[in-house]
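Student: I have a structure to look at and would like to learn how to read it. Where do I begin?

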Number of protein chains: 2
Amino acid sequence: MRIACVLGPKFEDSEFKQPYDSFKQAGHEIMVVGLEAGAQLEGDKGAVKATVEQSFKDARPEDFDALFIPGGGSPDKLRAHEEAVKFVKAFMTAGKPVLAICHGPQLLLTADEFKSHKMTAWKTIQGDLKKAGANVVDQEVVVDRNLVTSRQPSDIAAFIKESLKLLEQVPARR
Amino acid sequence: MRIACVLGPKFEDSEFKQPYDSFKQAGHEIMVVGLEAGAQLEGDKGAVKATVEQSFKDARPEDFDALFIPGGGSPDKLRAHEEAVKFVKAFMTAGKPVLAICHGPQLLLTADEFKSHKMTAWKTIQGDLKKAGANVVDQEVVVDRNLVTSRQPSDIAAFIKESLKLLEQVPARR
């Protein structure tokens, strides 16, 4: 599977790095998509760095089979940009796997893609989602059809396990 | 007037510092209230530092005449803690001046104090507020009775002006 990882400044280090490494080890390809190709990003703990490989302007959702949204400050930075919101929305519209952890579901909220699926998120975002009418539960991982969501770094193992399971079930589209 | 400024990690430097200085220069007292008394906080640009003077556990809303909520990463960190949300809610319930900029209204959203007043906020938070049913407008400053809100650092001058005007109109309660 070819996975797009949408990433902006101040992503949560482990929520990017651990799933990223696990998805690669399982044989999937991942491309870091962000606001500006070549931009150097740093995690909010300063422990992990990443380079944006493709900009939203150049990336085409149809070239990817799945979407991974790490948490931290990254999702709120990204959702201020229309091209990031449209990119995320395209995966939900197409029913492709979307794997979002912590603040990741902020992008689903802004993209108006939060009412069709049961989900979880970081606790403050759970509140925002509930107030907007989403079906939110507070558990380490929630799988609802194409959407896998988790709350926080301590959920990463469960998030990776369910994400890999989903990625194995869904056939690559290209 | 005695103002409580609620502050957490990664506040937006100028959104804290400029109103803080202006309120003091106008003769108001300000106390920085946060999660842990004595904690050293740094702005997300690294340009401004602040020390928490009183914890939410020890601070009593009835000892203050007004509330100031700077933006940046601070409001989302604070609203993960019930005592911060309760502290903020008390000012809205009492109808005391509440001055919130950028991500500041995230605390009003979590405190369920967003439906009674017209408001603005940082653009991504405008979206969250609208989806939750708030009356949101996109302008540099919005004054609705006891609530003053602004969007971003470029609105600071207007935010300070309207905040000071409100603080002068409302009599100190002690």
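**Reading a sheet, a helix pair and a two-chain contact**

Tutor: Begin with a strand pair: in this predicted model, strand 2 (residues 29–34) of chain A pairs with strand 5 of chain A in the parallel sense, over two bridges.

Student: What holds such strands to each other in general, and which residue is the bridge partner of Val33(A) in strand 5 of chain A?

Tutor: Strands of a sheet pair through backbone hydrogen bonds, and the sense is either parallel or antiparallel. Here, Val33(A) has Gln54(A) in strand 5 of chain A as its bridge partner.

Student: In what order do the seven strands of the open sheet in chain A lie?

Tutor: The order is 5-2-1-6-7-11-10, and the pairing is mixed. At the edges are strand 5 (54–55) and strand 10 (141–144) of chain A, each of which pairs on one side only.

Student: Which strands of chain A does helix 3 touch?

Tutor: Helix 3 (residues 82–94) of chain A packs on the sheet and touches strand 1 (2–6), strand 2, strand 6 (66–69) and strand 7 (98–101). The direction of helix 3 makes about 145° with that of strand 1 of chain A. Helix 6 (residues 156–169) of chain A lies across strand 6, strand 7, strand 10 and strand 11 (147–150), and runs at about 175° to strand 11 of chain A.

Student: How should I describe two helices that pack on each other?

Tutor: Two packed helices are described by the angle between their axes and the distance between the axes. For helix 1 (residues 13–25) and helix 6 of chain A, the angle is about 35° and the axes are 10 Å apart. The crossing is right-handed. Residues of helix 1 of chain A in this contact include Gln18(A) and Pro19(A), and those of helix 6 of chain A include Phe159(A) and Ile160(A). By class, the residues of this contact are five nonpolar, four polar and one charged.

Student: What rotation superposes chain A on chain B?

Tutor: In general, two copies of a chain are related by a rotation about an axis and a shift along it. In this case the rotation is 180°, with 0.0 Å of shift along its axis and an RMSD of 0.0 Å. That is the relation of a two-fold axis. Ala132(A) is the residue of chain A that comes closest to the rotation axis, with its C-alpha at 2.2 Å.

Student: How many residues does each chain give to the contact, and which helix of chain A gives the most?

Tutor: Chain A gives 12 residues and chain B gives 12 residues. Helix 5 of chain A gives the most to its side, with five residues. That side has three nonpolar, four polar and five charged residues.

Conventions
Residues are numbered from 1 along each chain as its sequence is written. Chains are lettered from A and ligands numbered from 1 in the order in which they are written. This is a predicted model: local features need pLDDT of at least 70, side-chain atom pairs count only at pLDDT 80 or more; totals for chains, interfaces and linings use all residues. Two strands pair if DSSP finds at least two bridges between them. Helices (H or I, at least four residues) and strands (E, at least two) are DSSP runs, numbered from the N terminus. Two residues are in contact if their C-beta atoms, placed from the backbone, lie within 7 Å. Axes are lines fitted to C-alpha atoms, for helices over the stretch in contact, and angles run from 0 to 180 degrees between N-to-C directions. A crossing is left-handed if the near helix is turned anticlockwise from the far one by less than a right angle, and right-handed if clockwise. Ala, Val, Leu, Ile, Met, Phe, Trp, Tyr, Cys and Pro count as nonpolar, Asp, Glu, Lys and Arg as charged, and the others, Gly among them, as polar. Copies are superposed by least squares on the C-alpha atoms of residues with pLDDT of at least 70 in both.
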